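Good morning, and thank you for making time for this presentation. Please keep the sequence and the structure in view while I speak.

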Amino acid sequence: MTNFIATLQYYFSYPFVQYALIVGVLIALCSSLLGVTLVLKRFSFIGDGLSHVAFGAMAVATVLQFTSQTLFIMIVTVIAAIFLLRTGQNTKIKGDSAIAMLSVGALAIGYLVMNIFSTSANVSGDVCSTLFGSTTILTLTHFEVIVCIVMSLLVVLFYVLFYNRIFAVTFDEEFMKATGKKVELYNLIIAVLTAVIVVLAMNLVGSLLITALLIFPALSAMKIMNSFKGVVIYSAILSVIGAFVGIILSILFSTPVGATVVFINIMIFIINWIISIFK
Amino acid sequence: MSYIKIEDLSLGYDSEIVCSNINFEINKNDYLCIIGENGAGKSTLIKTILDLKEKKAGKILFSENLKKSEIGYLPQQTVVQKDFPATVYEVVLSGMLSQLKYRPFYTKKEKNHAKQEMEKLGITHLQNKSYRQLSGGQQQRVLLARALCASDKILLLDEPVTGLDPQVTQEFYGLLKSLNEQGMTIVMVSHDLSVLKYATHVLYLKKKVPIFMEKEMFIERYGKEIYND
């Protein structure tokens, strides 16, 4: 046990481990907040679609050698989010296939672009790390950490200030519209924030696994909690624990970060599910 | 005192017009029942009044005494709500949303108001229960309490008794009747004709000429037609 703690202390002394923990925990916090609304509004797949778009954008940005990749990816993903929301509201089926179309389309084009115009020797390695996030979180620069902290704080601040409106738009859009509030505006903000989180979360879990970060904490919390506030708070706690434990385990056992975090989230879900059966 | 006046209104989806030449008036303390076959445009009418749908033609005039945000709306339940994790209190309190203006949080006064409405409808003991665990009748009471938070003048209800058993339905009607007696104006879409006994006015939506008149006169002239259908 002392040996174990000593190892942890040894790792914690490295800035890259500290960075990874800070960024991982913040991203987990933000994604769980938005995740509750996405799950309840049946928007889970928007997160998935956006993550694939972000992958495609990243491939294009890499090939064109943009200096600020994150900015480019962010803009493309936000535009995709607005587009998905618009089509998603028309009819259920159309919106569904629009997301599928956009998501596999972006994935295919991203992979194609990476292969044709590759600048590195190890294409499949690059693709794999963008999809599953492998080591990017351990190579964050000081600037990226600051960007992530600022973005996360903005998301949390927005969520707290607009909490009552987010509840209303999640529970009953029609009623909210009837009281004269701008439902479309809030839907738009939620979609844009989702896009921001997806781009930030690519560093942590890679683009294929982001949906897990969005939906697992919310689904776990919904098994146990009866109130909306309870679900939001509990899912935030679960998500933070999942990210923290996942990152530490992945460092200790040198497993891939993203997959380990998601695995811990799955375990948390199963535990909560079992508790809910006996409740 | 007239709250809402509808003149030559036409309703429809996309390019298709479902119903036209709708003329009627809602006055303070009326109990208006909107009936008609499926697809006649009953729900569409409610949504058009609330500005959730665009009208095809005609006018909807609000009196000076009634702002659009002062309408209490009880929509049809959605799939999303069936397994929604929210307590009764949270749902009722969200009815105070229009009072928020630009503030982020509810005041003590607004929270108390929500509690009073729960008291009025006899659901205070359910306040910490989850909405998804309630029976259909209890859920409708919760949505009614939420609508009352939004308005003390007029309620618009869209098929509120769908899926409720006859006894619960009558209890719900009783609740609305007592609200009506206390001065609340009620507009209800229904395919259940038993509600007509509480109504003061009837709007019968038909393709060509929608009919609007006081209930007694309506029953006398059209009673046969609607009860035979």
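In helix α4 of chain B, residues 108-120, B:E117 and B:K120 lie three residues apart, which means that about one helical turn separates them. These two side chains form a salt bridge in this predicted model, with the closest N and O atoms 3.4 Å apart. The two partners fall into separate accessibility classes. B:E117 has a relative accessible area of 7% and therefore counts as buried, whereas B:K120, at 46%, is partly exposed.

A second salt bridge within a helix of chain B joins B:K177 to B:E181. Here the closest N and O atoms are 3.0 Å apart. Both residues belong to helix α6 of chain B, residues 166-181, and because they are four residues apart, about one helical turn again lies between them. B:K177 is partly exposed, with a relative accessible area of 35%. B:E181 reaches 56% relative accessibility, so this residue is classed as exposed.

Over all chains, the count of salt bridges is eleven. One of them deserves separate attention. B:R146 and A:D172 meet through their side chains in a salt bridge, at 2.8 Å from N to O. This pair crosses between chains: B:R146 sits in helix α5 of chain B, residues 136-150, and A:D172 sits in the loop of chain A between α8 (163-171) and α9 (173-178). Are these two residues buried or exposed? Both B:R146 and A:D172 are buried. B:R146 has a further contact with chain A, since this arginine lies over the face of A:F175, 3.8 Å from the ring centre.

That ring brings me to the aromatic residues. The structure holds 17 aromatic pairs over all chains. Among them, A:F158 and A:F162 form a stacked pair, with 4.8 Å from centre to centre and 25 degrees between the planes. A:F158 is buried at 12% relative accessibility, while A:F162 is partly exposed, with a relative accessible area of 27%.

A:Y163 and A:F228 make another pair, and this one is tilted because the planes stand at 40 degrees, with the ring centres 5.9 Å apart. The pair connects distant parts of the chain: A:Y163 is in helix α8 of chain A and A:F228 is in helix α12 of chain A, residues 228-252, 65 residues apart. Both rings belong to buried residues, A:Y163 with a relative accessible area of 15% and A:F228 with one of 0%.

Which residues do ring pairs link into a cluster with A:Y163 and A:F228? The other members are A:F167, A:F171, B:F84 and B:Y131. The cluster therefore contains residues from chain A and from chain B.

I turn now to the strands of chain B. Strand β1, residues 2-13, and strand β2, residues 16-27, run antiparallel and are joined by eight bridges. Within this pairing, B:K5 has B:E25 in β2(B) as its bridge partner. The two strands form a hairpin with two residues between them, and B:D14 in the turn has a positive phi of about 45 degrees.

A parallel arrangement appears elsewhere in chain B. Strand β5, residues 71-74, is joined by four bridges to strand β6, residues 154-158, and the two run parallel. In this pairing B:Y73 stands opposite B:L156 in β6(B). As a general point, side chains in a regular strand alternate between the two faces of the sheet. In β5(B), B:I71 and B:Y73 point one way and B:G72 and B:L74 the other way, and all are buried.

As for annotation, UniProt, in an unreviewed entry, places an ABC transporter domain at residues 4-226 of chain B. Over that range the chain is 33% helix and 26% strand, and the end C-alpha atoms lie 26 Å apart.

Finally, a word on confidence. Chain B has a mean pLDDT of 88, and 99% of its residues reach 70 or more. Where in chain B is confidence lowest, and where is it highest? The lowest mean, 79, belongs to helix α7 of chain B, residues 215-228, and the highest, 96, to helix α3 of chain B, residues 88-93. For the complex, the predictor gives an ipTM of 0.88 and a pTM of 0.88.

Definitions and conventions
Residues numbered from 1 in each chain as written. Chains lettered and ligands numbered in written order. Predicted model: local features only at pLDDT ≥ 70, side-chain atom pairs only at ≥ 80, totals over all residues. Heavy atoms only, no water. UniProt positions renumbered as here; feature names shortened; annotations may be inferred. Salt bridge = Lys/Arg side-chain N within 4 Å of Asp/Glu carboxyl O. Buried < 20%, exposed > 50% of the residue type's maximum accessible area, 1.4 Å probe, protein only. Pairing = 2+ DSSP bridges. pLDDT = per-residue confidence, 0-100. Phe/Tyr/Trp six-rings, centres within 6.5 Å; stacked < 30°, edge-to-face > 60°. Lys NZ or Arg CZ within 6 Å of the ring centre and 35° of its normal.
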